[in-house]
Amino acid sequence: MFKIKNMYDLIDECGEDLANYGYTVKKLDKFNGQLAYMRVDDGGTLDKGEYFIINAPTLLDEGIDACDYFYEITKNCLLRLLDDLSLERKSKFLIVGLGNPEILADCLGSKVVRAMGYANDNLLKICPNIEANTNINTADYVKYIKEGCKPDCIVLIDALASNSLSRLGGSIQLSSSGLTPGSGVGRGGIAINENEMGVPCISIGVPFMIFASALTDKADKGLLLAPKDIHDGLDAMVYIISKALDSVLMN
């Protein structure tokens, strides 16, 4: 856990015994990858939903072959979520690229949306930016758009925070729990989830930030750090996630 209570983005860093939720980890057959899975049915302290966590610790060392391999894993996890939510590829999806496009560690969402193929009648795309730049609450923004275009599902892409250096740019979390923008860095507000939006909400996130206080007790608790090779990590994850979304949702 972070030094600051209850701040986490990755579900397996929440500090709880996840065995109670059926948390399992399977070793993948290539690139030292792992795939974790769990399902939260009764809510409680954890957000209700299914969770897939793909760990790709050597992604940047392996090149395009690794990117294509983890694209396939990501695509299959996304298909599983759609199936469990009784959604089809012909359903109407609203893709939301969250985060601040002006900050490298927080621009994953906007980069993925821009890298995807063209929008169409069944695939809509927006990048709301952050409340500090717009003075519009992100959840309200998404809800306004949702009420106008009436999608069957909202897909959220965002950069996350982690408490592990080794996971920066090397883990992908997919979930049907939605998310609360800024929750992992102490700026959480209104959640974007099925309860708030009235339609299923899938979140896809990659950690690109870590609290300095997770590394040393002497650091400022509010200081966030990013990996020095963040450009390479971003490029790889944008490729993987945008390709998976295009493959599954474009029709």
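This passage describes a pocket, the aromatic contacts, one helix and several loop residues of a predicted model.

The second largest pocket encloses about 360 Å³ of space. Its lining comprises 19 residues, and those nearest the centre are Lys 48, Gly 49, Ser 176, Ser 177 and Glu 194. By residue class, the lining of this pocket consists of 7 charged, 7 polar and 5 nonpolar residues. Three elements, namely strand β2 (34-40), strand β3 (49-55) and helix α6 (194-197), each contribute at least two residues to the lining.

Strands β2 and β3 also take part in an aromatic contact. Across the whole structure, 4 aromatic pairs were found. One of these joins Tyr 37 to Phe 52 in a tilted arrangement, with 4.9 Å between the ring centres and 50° between the planes. Tyr 37 belongs to β2 and Phe 52 to β3, so that this pair, whose members are 15 residues apart, links distant parts of the chain. Residues under 20% relative accessible area are classed as buried. Tyr 37 is therefore buried, as its relative accessible area is 19%. Phe 52 is likewise buried, because its relative accessible area is 4%. A further aromatic pair is formed by Tyr 69 and Phe 70, whose rings meet edge-to-face at 5.2 Å centre to centre, with 85° between the planes. Both Tyr 69 and Phe 70 are buried. Together with Phe 31, these two residues make up one aromatic cluster.

Two aromatic rings are accompanied by charged side chains. The ring of Tyr 37, already noted for its pairing with Phe 52, has the charged end of Arg 80 over it, 5.0 Å from the ring centre. In the case of Tyr 71, Lys 243 lies over the face of the ring, at 4.5 Å from its centre.

Helix α2 spans residues 64-84 and contains 21 residues. The distance from its first C-alpha to its last is 30 Å, close to the 30 Å expected at 1.5 Å a residue. The buried residues of α2 include the aromatic residues Tyr 69, Phe 70 and Tyr 71. Also buried in this helix are Ala 66, Cys 67, Ile 73, Thr 74, Lys 75, Cys 77, Leu 78, Leu 81 and Leu 82. In an α-helix, residues three or four places apart point the same way, because there are 3.6 residues a turn.

Just beyond the end of α2, Ser 86 adopts a positive phi of about 60°, a positive value in a residue other than glycine. Ser 86 lies in the loop that connects α2 with β4 (93-97). Its relative accessible area is 67%, and Ser 86 is therefore classed as exposed. Lys 150, another residue other than glycine with a positive phi, has a value near 50°. This lysine is placed in the loop between α5 (138-149) and β6 (153-162). Lys 150 also counts as exposed, because its relative accessibility is 60%.

Lys 228 occupies the loop between β9 (224-225) and α7 (230-249). With a relative accessibility of 86%, Lys 228 is exposed. Although 168 residues separate Lys 228 from Leu 60 in sequence, their C-alpha atoms are 13 Å apart in space.

How values were computed:
Residues numbered from 1 in each chain as written. Predicted model: local features only at pLDDT ≥ 70, side-chain atom pairs only at ≥ 80, totals over all residues. Heavy atoms only, no water. 1 Å grid on protein atoms, 1.4 Å probe; cavity = no way out; pocket = protein on both sides within 12 Å on 5 of 7 lines; lining within 4 Å. Points joined across faces, edges and corners; volume = space filled by probe spheres on them. Helix = DSSP H or I, 4+ residues; strand = E, 2+ residues; numbered from the N terminus. Nonpolar A, V, L, I, M, F, W, Y, C, P; charged D, E, K, R; others polar. Phe/Tyr/Trp six-rings, centres within 6.5 Å; stacked < 30°, edge-to-face > 60°. Buried < 20%, exposed > 50% of the residue type's maximum accessible area, 1.4 Å probe, protein only. Lys NZ or Arg CZ within 6 Å of the ring centre and 35° of its normal. Expected span 1.5 Å × (residues − 1).
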